[in-house]
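Colleague: Please take a close look at the salt bridges in this model and walk me through them one pair at a time. I would like to know where the partners sit along the chain and how exposed their side chains are.

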Amino acid sequence: MQDKIKECNELIDDTQKVKNSLELSLATLEKIPKIRLNQIELSFQQSKILLLSPPITKTTQIKDRVKTLAHHNQAAFSKKHFKEFTTGWIIDKDDFFAKKFNRSIQYFTPVSHSFSKKHCYTRPEGFYISIFFEGTYYQKASSIYLRLEDFIKRNHLIVVGDIYVFPIKNHWLTEDTKSYINQISFQVEYQDE
């Protein structure tokens, strides 16, 4: 009977995890209509703790990139409190502004608290430029880049941090890539006059 009770508790726990994931997906879907698309926003953001993958170099083969992503997701989503977040990727600011949009350097997942200082990074508080847009990052990167570059120049800003690409609505929520929603954000400072 003890074994059967244990089996029932595991089933309840698994079912609760599925229910939590469904509720979080529903909450995400309910937030999406409130997102202001295609508007560049400059705002002060609090620090965020991010779980980082091992670095990806320019010579890392595609199969090794996939392995890195898989290992990262396994680490991130094995923890109950990570379920509400998807995984994004980081692009070196110099690469992005040199129009090398496909050179990701790491994967990241926001976390609610640090569970291993070795693999976590605290993204600093400060002023960040953000934009939400429909479609895939790879389809839209060059047109978004032009708008971001113009905004930075007009507002006398300098980019001081890498580029964070974060999927809000992706293949987990829709099959239509045109209805994906992504966010690009990065830290900036005002230029000294």
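**Salt bridges, pair by pair**

Modeller: Lys4 and Glu7 lie 3 residues apart in helix H1 (residues 2-31), and are therefore separated by about one helical turn. Their side chains meet in a salt bridge, with 3.3 Å from N to O. Glu7 counts as partly exposed, because its relative accessibility is 45%. Please keep in mind throughout that this is a predicted model, in which the structure holds 6 salt bridges.

A comparable spacing returns in helix H4, where Asp150 and Arg154 are 4 residues apart and so are again separated by about one helical turn. The side chains of Asp150 and Arg154 meet in a salt bridge at 2.8 Å, N to O. Asp150 has a relative accessible area of 39% and is therefore partly exposed, whereas Arg154, with a relative accessible area of 54%, is exposed. The general background is that an α-helix has 3.6 residues a turn, so residues three or four places apart point the same way.

The helix that carries this second pair deserves some description of its own. H4 runs over residues 137-154, which makes 18 residues, and reaches 24 Å from its first C-alpha to its last, close to the 26 Å expected at 1.5 Å a residue. A kink of about 35° is centred on Ser143. The buried residues of H4 include Tyr137, Ala141, Ile144 and Tyr145, and further along Leu148, Phe151 and Ile152, while Asp150 is partly exposed. After H4 comes His156, which has a positive phi near 55°.

The remaining pair to examine is not held within one helix. Lys58 and Asp95 form a salt bridge in which the closest N and O atoms are 4.0 Å apart. This pair links distant parts of the chain, since Asp95 belongs to helix H3 (residues 93-96) and Lys58 to the loop between strand E2 (48-52) and helix H2 (62-77), with 37 residues separating them. The two partners also differ in their surroundings: Asp95 counts as buried because its relative accessibility is 7%, whereas Lys58 counts as exposed because its relative accessibility is 60%. Moreover, Lys58 and Asp95 belong with Arg103 to a network of salt bridges.

Taken together, the pairs described here include Lys4 with Glu7, in helix H1, Asp150 with Arg154, in helix H4, and Asp95 with Lys58, which links distant parts of the chain.

Methods: Residues are numbered from 1 along each chain as its sequence is written. This is a predicted model: local features need pLDDT of at least 70, side-chain atom pairs count only at pLDDT 80 or more; totals for chains, interfaces and linings use all residues. Side-chain values use heavy atoms; hydrogens and water are left out. Helices (H or I, at least four residues) and strands (E, at least two) are DSSP runs, numbered from the N terminus. The expected span of a helix is 1.5 Å times one less than its number of residues. The bend at a residue is the angle between axes fitted to the seven residues ending there and the seven starting there. Buried means under 20% relative accessible area, exposed over 50%, partly exposed in between (1.4 Å probe, protein chains only).
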